[in-house]
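Q: Please take a close look at one part of this structure, the part that a database record marks as a binding site. I would like to know where it sits and what surrounds it.

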Amino acid sequence: MNRKPCVAVFYGGYSAEREISLKSGKVVYEHLSDEKFRKYLVDVREEGLFVQTDRGEVPLSLQPFGFGSESGFVRFDVVFIAIHGTPGEDGILQGMLDLLRIPYTTAGVLPMALTFSKAECNAYLQKMGIAVPKGIYTTSMPSERDIERDLSYPVFVKPSRSGSSIGVSKVTDAAGLMPAFEKAYRIDRLVLIEEMVKGIEVSCGVSDVFGQVLAMETTEIVPAGEFFDYHAKYSGQSQEITPARISREASEFVKRTSEIVYKVLGLRGLVRIDYIVPEAGTPILIEINTVPGLSGQSILPKQAQYLGISLEELFDACIFSALKKNPQWSE
């Protein structure tokens, strides 16, 4: 086939992570090769999906999948999902695209839905033998007795389904538990209360876009505040050191574990997995990000650049990998 694949970069979404998703989508759009692809940004909002064109925005047609222009109908061949949070990271868009038989750059419905819910994902990982923080999953405020019986302060209180550390609180004593629980509960009815793990926070990118599942590198995160919260992630004040200042054994453990988790969960595309590396003992997996930050200052792209992979090479590979699911582009 001689024509260039036409790419829809889905960005925005309708969660608290919308502004970050808009930035990620623009970075992807700007770095996708003009020589290899035709490309358009598509803003995903609660009221619909809208293609951004030189003449303003146009509603996206689902059947056929594309939009009408002055020169004719533009049909999309593949979707790059750059939406953090719902509906890009929880399986909703993936389900829609599966029905339309349109390939996309992330894992499918089940892996996305599972990894977006921290409580269910942690329970699944534990059954796989992966070390995760000790925690309680609840839909109601637990008693002080429950906390003291099962956990030790400090604890982190998190909405199960949320990203970018939105709604997360660090609680050092019983007095802070109720306001932290209410904050998380406003975002999700399932709340995760986890015992804090002391150690070095590290992040590891992993992907299959170059033909096989490979971990990239480890990055040490030194937050500006008490933990790597929303402000610390996006203010630019935290230190991110690649490779992480951990032992070679710990680094290899994190990389190999990331590859195993990626394969067993059926993940695809670009994924970032976060850990705490304690002074002694096994690194603890704390989060899986199936649509990680994609700007030049984000952790996974920095790891790629450390390995000599440019943003253009990385994002182009995501598209070609996704297109392999479409018979007309697979050769």
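A: What follows goes from the whole chain to the marked residues, and then to a helix beside their strand.

The model is a predicted one. The chain contains 10 helices and 16 strands. Its radius of gyration is 20 Å, close to the 20 Å that the globule rule gives for 331 residues, so the chain is as compact as a globular protein of that length. Along the principal axes, the C-alpha atoms fill a box of roughly 65 × 45 × 35 Å. Of the 331 residues, 55% are buried. If we take the contacts between residues at least 6 apart in sequence, 64% of them join residues at least 24 apart. The accessible surface is about 15,100 Å², and carbon and sulfur atoms account for 50% of that surface.

Now the marked part. In an unreviewed entry, UniProt lists E287 and N289 under "binding site". Of these residues, E287 is included in the lining of the second largest cavity. Strand β16, which covers residues 284-289, holds E287, and N289 is also found in β16.

Both residues can be checked against the cut-off for burial, which is under 20% relative accessible area. E287 has a relative accessible area of 16%, so E287 counts as buried. For N289 the value is 9%, so N289 is buried too. What does N289 touch, apart from its neighbours within four places in sequence? N289 is in contact with E89, L270, V271, R272 and D274.

Strand β16 also has a part in covering a helix. The helix is α8, residues 248-264, and β16 is among the elements that cover its buried residues. Others among them are α4 (118-127), β12 (200-207), β13 (214-222) and β15 (271-277). The buried residues of α8 are A250, S251, V254, K255, T257, S258, E259, V261 and Y262.

The length of α8 can be checked as well. At 1.5 Å a residue, its 17 residues should span 24 Å, and the end C-alpha atoms are 24 Å apart, so the two values agree. Just after α8, G266 takes a positive phi of about 70°.

To sum up, the two listed residues, E287 and N289, are both buried. Their strand, β16, is one of the elements covering the buried residues of α8.

How values were computed. Residues are numbered from 1 along each chain as its sequence is written. This is a predicted model: local features need pLDDT of at least 70, side-chain atom pairs count only at pLDDT 80 or more; totals for chains, interfaces and linings use all residues. Side-chain values use heavy atoms; hydrogens and water are left out. UniProt positions are given in the numbering used here, feature names are shortened, and annotations may be inferred rather than shown by experiment. On a 1 Å grid over the protein atoms alone, a cavity is a set of points where a 1.4 Å probe fits but cannot get out, and a pocket is an open set with protein on both sides within 12 Å along at least five of seven lines; lining residues have an atom within 4 Å of a point. Helices (H or I, at least four residues) and strands (E, at least two) are DSSP runs, numbered from the N terminus. Buried means under 20% relative accessible area, exposed over 50%, partly exposed in between (1.4 Å probe, protein chains only). Contact means heavy atoms within 4.5 Å. The expected span of a helix is 1.5 Å times one less than its number of residues. The radius of gyration is taken over C-alpha atoms; the globule rule is 2.2 Å times the number of residues to the power 0.38. Accessible areas come from the Shrake-Rupley method with a 1.4 Å probe; for residues, only the protein chains shown count as cover.
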